[in-house]
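The exercises below each set a task and then work through it step by step. Please look over the sequence and the structure before starting.

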Amino acid sequence: MLVRVCVLVLKMLTVTCTPVVAFVGRRSRNRRQCHIDIFPPAATSDSISPLDADDACPCFWYEDPAETQRFTAPFGRAQKGVEERLQTLNWQRLQTPTQQIKCHGEEQESRVVPSFTFKYAGAPTFCAYHPGIPGPIRQIPASWDWDSHIDDKLRLHLLLSANSTKTCHDMTPPTFVVDHALLSSLDEGQDNQGPACISEAHWFLKHRLDSKRPRVHPYGSNAELCRRLRQMKERSWKYYIVQKEIHPAMLIRGRKFVLRAHVLAWVHGGTLDLFLHDNPLVSENEKQFVTGDDDDASGGQDAWASQAVSALVLQSGSRSASYLLTESEELTSYLRASILEQISSIVAIVFRELINQHPFPLDLLHNSQYEQQSSDGSVYQLYGLDFMLNSSGKVFLLEVNRSPRIATGAMGDVHECYTELLGQAMHILGVAKDASSDGELPKSGRFGAWKDVYHATL
């Protein structure tokens, strides 16, 4: 009997363990390929290098073993289109540290540094090589702590608040730091942080880094917000900001909506150029927003209290698929033109304040290790900016995202738009540009075009 039990246990262990061993083996084979540290974590001139490890292996993709891979491709569903575009322009896939590559029509074996890289958090890094690119093209490293001043809602608020002009204060909804002064002002119904009163209103408590889910918490009154803030541990206040509701908000088909605009920042030759894609994405809330009687405070309060959360905020898993601004039937051509003009102005102001208050670290870009391959290197970053409109058509900036959702598919079935958008962005950077189009912006495509909105000498 004992022997029979032992045999049964061994069979069970064999059945249950074999798939695990096979899975681990697949992961090991996948991760064994190559490890490139495009920019090491330490933000010092002595440590930053485009290719740091001696055993690094330039390739089209690579996996960072220290990071959880949540997505299979850095460009998401646009991956195939991007690769096909680069291959037509003679970009080469690299798979070994020393491999035969074509240079001026001749085969040669040498160690190759990727000419272009693209990194999306949670996905393999995209790397490619082209002999005609004069210098490496890299994303602005997060370790430089430059654009983190706008990717963080609290730091963005402090950045714009440092400028006393009315223009900067009117670009965003009324925003407040979470502290004891805010609690006192909410209790008293008056604001000691600015000219406007904190009267009875609807509020949103937002995580400053979007690292906590849900990211946005709605509260229907000063008392509700105060109660929630007092329930929180005081040491966690620093991770949040508070914003007033945009009231009355513009609605599409009875729903609140958010505009996602894409901005390309390119630093090259000591200058910063900003480009805005002229066809933002529209994301509607899942549920319709029930409007109350503005003349009756209790009626408005009751209407807010009866709303579903998905009618008040736009969060992952609770929204309709995105579509292009030009596809909106409710927004007139005049309003769309006004929206783009306002967004262009806001983008220029945000980055002007950024470089004025936090100068770009050119010393890190121009360090000797980075330029050992070439002095013509440049850095770039693709941003996603979220906006809302009030009922009169005024645009308000909600947040800036350093890594817009290209790989996740969270913006809906818009991968064809992203394929074209990314191809045009690479054209601007000199990655996907024909020789005949040197110095020209890419032409407008099926889904829109990039336009130059800001230029500054750093």
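**Exercise 1. Place the aromatic residues around phenylalanine 75.**

Phenylalanine 75 has a relative accessible area of 0% and is therefore buried, where buried means under 20% relative accessible area, exposed over 50% and partly exposed in between, with a 1.4 Å probe and protein chains only. The model is a predicted one, in which local features need pLDDT of at least 70, side-chain atom pairs count only at pLDDT 80 or more, and totals for chains, interfaces and linings use all residues. Residues are numbered from 1 along each chain as its sequence is written, and side-chain values use heavy atoms, with hydrogens and water left out.

The next step is to look for ring partners, given that rings of Phe, Tyr and Trp (its six-membered ring) pair if their centres lie within 6.5 Å, with planes under 30 degrees apart counting as stacked, over 60 as edge-to-face and the rest as tilted. By this rule there are nine aromatic pairs. In one of them, phenylalanine 75 meets phenylalanine 126 edge-to-face, at 5.0 Å centre to centre and 70° between the planes. This pair links distant parts of the chain, since phenylalanine 75 lies in the loop between β1 (61-62) and α2 (79-88), whereas phenylalanine 126, 51 residues apart from it, belongs to strand β5 (residues 125-128). Helices (H or I, at least four residues) and strands (E, at least two) are DSSP runs, numbered from the N terminus.

Phenylalanine 126 is likewise buried, with a relative accessible area of 0%. The rings of phenylalanine 116 and phenylalanine 126 have centres 6.3 Å apart and planes at 70°, so this pair is also edge-to-face. Phenylalanine 116 lies in strand β4 (residues 116-118) and phenylalanine 126 in strand β5, so the pair ties together parts ten residues apart in sequence.

To finish, one aromatic cluster is formed by Phe75, Trp91, Phe116, Phe118, Phe126 and Tyr380.

**Exercise 2. Determine which strands pair with β11.**

Two strands pair if DSSP finds at least two bridges between them. Strand β11 runs antiparallel to β13 (residues 281-284), with four bridges, and phenylalanine 257 stands opposite glutamate 284 there. Nine bridges join β11 to the antiparallel strand β15 (residues 378-389), where leucine 259 faces phenylalanine 387. Six bridges join β11 to β12 (residues 271-277), again antiparallel, and histidine 268 stands opposite threonine 271. The hairpin of β11 and β12 has two residues between the strands, and in it glycine 269 takes a positive phi near 60°.

Because eleven of its twelve residues are buried, β11 is largely enclosed by the rest of the structure.

**Exercise 3. Is histidine 262 buried or exposed, and which side chain makes a polar contact with it?**

Histidine 262 is found in strand β11 (residues 257-268) and counts as buried because its relative accessibility is 2%. Its side chain and that of tyrosine 418 are joined by a polar contact of 3.1 Å, that is, a pair of N or O atoms within 3.5 Å, where within protein one must be able to donate a hydrogen and the other to accept it, and residues adjacent in sequence count only if both atoms are side-chain atoms. Leaving aside neighbours within four places in sequence, histidine 262 is in contact (heavy atoms within 4.5 Å) with residues including Phe275, Tyr383, Tyr418 and Trp450.
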